[in-house]
Amino acid sequence: MNHSQRLRFLAGEVAALRAFAFAVISTTPDLQRLSDEFHRLCEVQLALSSHELGSEEYLDGQRQTADELKAYLANQLAE
């Protein structure tokens, strides 16, 4: 695979994982517990990633995806 193909492949993987995460959020019986655990794990992962990888693009992508999932969780909790 060339660079462009790898990026498209990764984008497809992220899209599939986001869809799975939204399905989990939509069907979990304990949204508050899921939300609390997700927030905790996001903080841990960001701390680990910033020390290991350090790439701003990687961290930006991680933050953006986490923020989208947190917003979806918040909307589900508000219903």
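Trainee: Is Tyr72 buried, partly exposed or exposed?
Mentor: In this predicted model, the relative accessibility of Tyr72 is 26%. Buried means under 20% and exposed means over 50%, with partly exposed in between. Tyr72 therefore counts as partly exposed.

Trainee: Which class does the aromatic pair formed by the rings of Phe22 and Tyr72 belong to?
Mentor: The structure holds one aromatic pair. The ring centres of Phe22 and Tyr72 are 4.5 Å apart, and their planes lie at 50 degrees. Planes under 30 degrees apart count as stacked and those over 60 as edge-to-face, with the rest as tilted. The pair of Phe22 and Tyr72 is therefore tilted.

Trainee: How many residues apart in sequence are the parts that this pair ties together?
Mentor: Phe22 belongs to helix α1, whereas Tyr72 belongs to helix α3. Phe22 is partly exposed, at a relative accessible area of 22%. Because the two rings lie in these two helices, the pair ties together parts whose separation in sequence is 50 residues.

Trainee: What pattern does the protein chain follow along the sequence?
Mentor: The secondary structure comes to three helices and zero strands. The C-alpha trace spans about 45 × 25 × 15 Å along its principal axes. Read along the sequence, the pattern is α-α-α.

Trainee: Which helices each supply at least two residues of the largest nonpolar core?
Mentor: The largest nonpolar core has five residues, namely Ala21, Ile25, Leu31, Leu69 and Leu73. In soluble globular proteins, nonpolar side chains tend to be buried together. Here, at least two core residues come from each of α1 (3-27) and α3 (56-78).

Trainee: Which residues does Leu31 touch, not counting those up to four places away in sequence?
Mentor: Leu31 is itself a member of the largest nonpolar core. Ile25 and Leu73, also members of that core, are among the residues that Leu31 touches. With neighbours up to four places away set aside, the full list is Ile25, Leu73, Gln76 and Leu77.

Trainee: Is Ser35 buried or exposed, and which residues does it contact beyond four places in sequence?
Mentor: Ser35 lies in helix α2. Its relative accessible area is 6%, so Ser35 is buried. Leaving aside neighbours within four places in sequence, the contacts of Ser35 are Leu73 and Leu77.

Trainee: What percentage of the residues in the protein chain is buried?
Mentor: The protein chain has 79 residues. A residue counts as buried when its relative accessible area is under 20%. Buried residues make up 18%.

Trainee: Which residues lie closest to the centre of the largest pocket?
Mentor: The largest pocket has a volume of about 660 Å³. Its lining draws at least two residues from each of α1, α2 (31-52) and α3. Of the 20 lining residues, those closest to the centre are Leu17, Phe38, Thr65, Ala66 and Leu69.

Trainee: How many nonpolar residues does the lining of the largest pocket have?
Mentor: Leu69, one of the residues closest to the pocket centre, is also part of the largest nonpolar core. By class, the lining has four polar and two charged residues. The number of nonpolar residues is 14.

Trainee: How far apart in space are Val24 and Thr65, C-alpha to C-alpha?
Mentor: Val24 is found in helix α1. At 31% relative accessibility, Val24 counts as partly exposed. Val24 and Thr65 are 41 residues apart in sequence, and their C-alpha to C-alpha distance is 15 Å.

Note on methods. Residues numbered from 1 in each chain as written. Predicted model: local features only at pLDDT ≥ 70, side-chain atom pairs only at ≥ 80, totals over all residues. Heavy atoms only, no water. Core = buried A, V, L, I, M, F, W, Y, C linked by side-chain atoms within 4.5 Å. Buried < 20%, exposed > 50% of the residue type's maximum accessible area, 1.4 Å probe, protein only. Helix = DSSP H or I, 4+ residues; strand = E, 2+ residues; numbered from the N terminus. Contact = heavy atoms within 4.5 Å. Phe/Tyr/Trp six-rings, centres within 6.5 Å; stacked < 30°, edge-to-face > 60°. 1 Å grid on protein atoms, 1.4 Å probe; cavity = no way out; pocket = protein on both sides within 12 Å on 5 of 7 lines; lining within 4 Å. Points joined across faces, edges and corners; volume = space filled by probe spheres on them. Nonpolar A, V, L, I, M, F, W, Y, C, P; charged D, E, K, R; others polar.
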